[in-house]
Amino acid sequence: LVAVLSGIPLPVLPLLNDLMLPKLEEARESCLKSSPSLLLLRFLRIVLPNLQPSVRLCSFLLSFLPSFLQWIPHSVHDETFYVLDLLLHLIHKQLTEELVADVLHA
């Protein structure tokens, strides 16, 4: 999807954030039920670097982070830590002391 969007002229280009938010919501729902699969982690590894920080996206990612953090101690995939780094990069300005403590605890 990212490769397809790169060929669309900017005035016509839909925001990748808007296209990906429904899929990111599915990812959050998945993380609420079980550890993220390797396929999900790889999807996040591709999509997250291509998103543009926005109020809506950061608000969503702040709600996604706790559901993701709960699985870090149980993860056997290196992608987990790469995804965590990407998430923190996108929301670093909105992190609260409580979330930082949760990250450190995970």
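This short talk goes through the helices of the protein, three of their packing contacts, and two buried residues.

Before the details, please keep in mind that this is a predicted model, in which local features need pLDDT of at least 70 and side-chain atom pairs count only at pLDDT 80 or more, while totals for chains, interfaces and linings use all residues. Residues are numbered from 1 along each chain as its sequence is written, and side-chain values use heavy atoms, with hydrogens and water left out.

Let me start with the overall picture. The protein has six helices and zero strands, where helices (H or I, at least four residues) and strands (E, at least two) are DSSP runs numbered from the N terminus, and the order of elements from that terminus is α-α-α-α-α-α. Of the 106 residues, 36% are buried, a term that stands for under 20% relative accessible area, with exposed being over 50% and partly exposed in between, using a 1.4 Å probe and protein chains only. The accessible surface comes to about 6,600 Å², and carbon and sulfur atoms account for 62% of that surface; such areas come from the Shrake-Rupley method with a 1.4 Å probe, and for residues only the protein chains shown count as cover. If we take contacts (heavy atoms within 4.5 Å) between residues at least 6 apart in sequence, 70% of them join residues at least 24 apart.

Now to the packing of the helices. Two packed helices are described by the angle between their axes and the distance between the axes. Here axes are lines fitted to C-alpha atoms, for helices over the stretch in contact, and angles run from 0 to 180 degrees between N-to-C directions.

For helix α2 (residues 16–33) and helix α4 (residues 55–69), the axes come within 9 Å and cross at roughly 20°. That makes α2 roughly parallel to α4, since angles under 35 degrees count as roughly parallel, over 145 as roughly antiparallel, 65 to 115 as roughly perpendicular and the rest as oblique. On the α2 side the contact includes Leu21, Leu24 and Leu32, and on the α4 side it includes Phe60, Phe64 and Phe68. By class, this contact has nine nonpolar, three polar and four charged residues, with Ala, Val, Leu, Ile, Met, Phe, Trp, Tyr, Cys and Pro counted as nonpolar, Asp, Glu, Lys and Arg as charged, and the others, Gly among them, as polar.

Helix α4 also packs with helix α6 (residues 97–105), their axes coming within 10 Å and crossing at roughly 25°, so α4 and α6 are roughly parallel to each other. Leu62, Leu65, Pro66 and Leu69 in α4 meet Leu99, Asp102 and Val103 in α6, which divides into six nonpolar, no polar and one charged.

Returning to α2, its axis and that of helix α3 (residues 38–47) come within 11 Å and cross at roughly 145°. Among the residues that meet are Met20 and Lys23 in α2 and Phe43 and Val47 in α3.

Finally, two individual residues. Cys58, in helix α4, is buried at a relative accessible area of 6%, and, leaving aside neighbours within four places in sequence, Cys58 is in contact with Pro53, Leu90, Ile91 and Gln94. Its C-alpha atom is separated by 9.3 Å from that of Lys93, 35 residues apart along the chain. Glu79, found in helix α5 (residues 79–91), is buried as well, with a relative accessible area of 14%, and Glu79 touches Leu38, Leu41, Arg42 and Arg45, not counting residues up to four places away in sequence.
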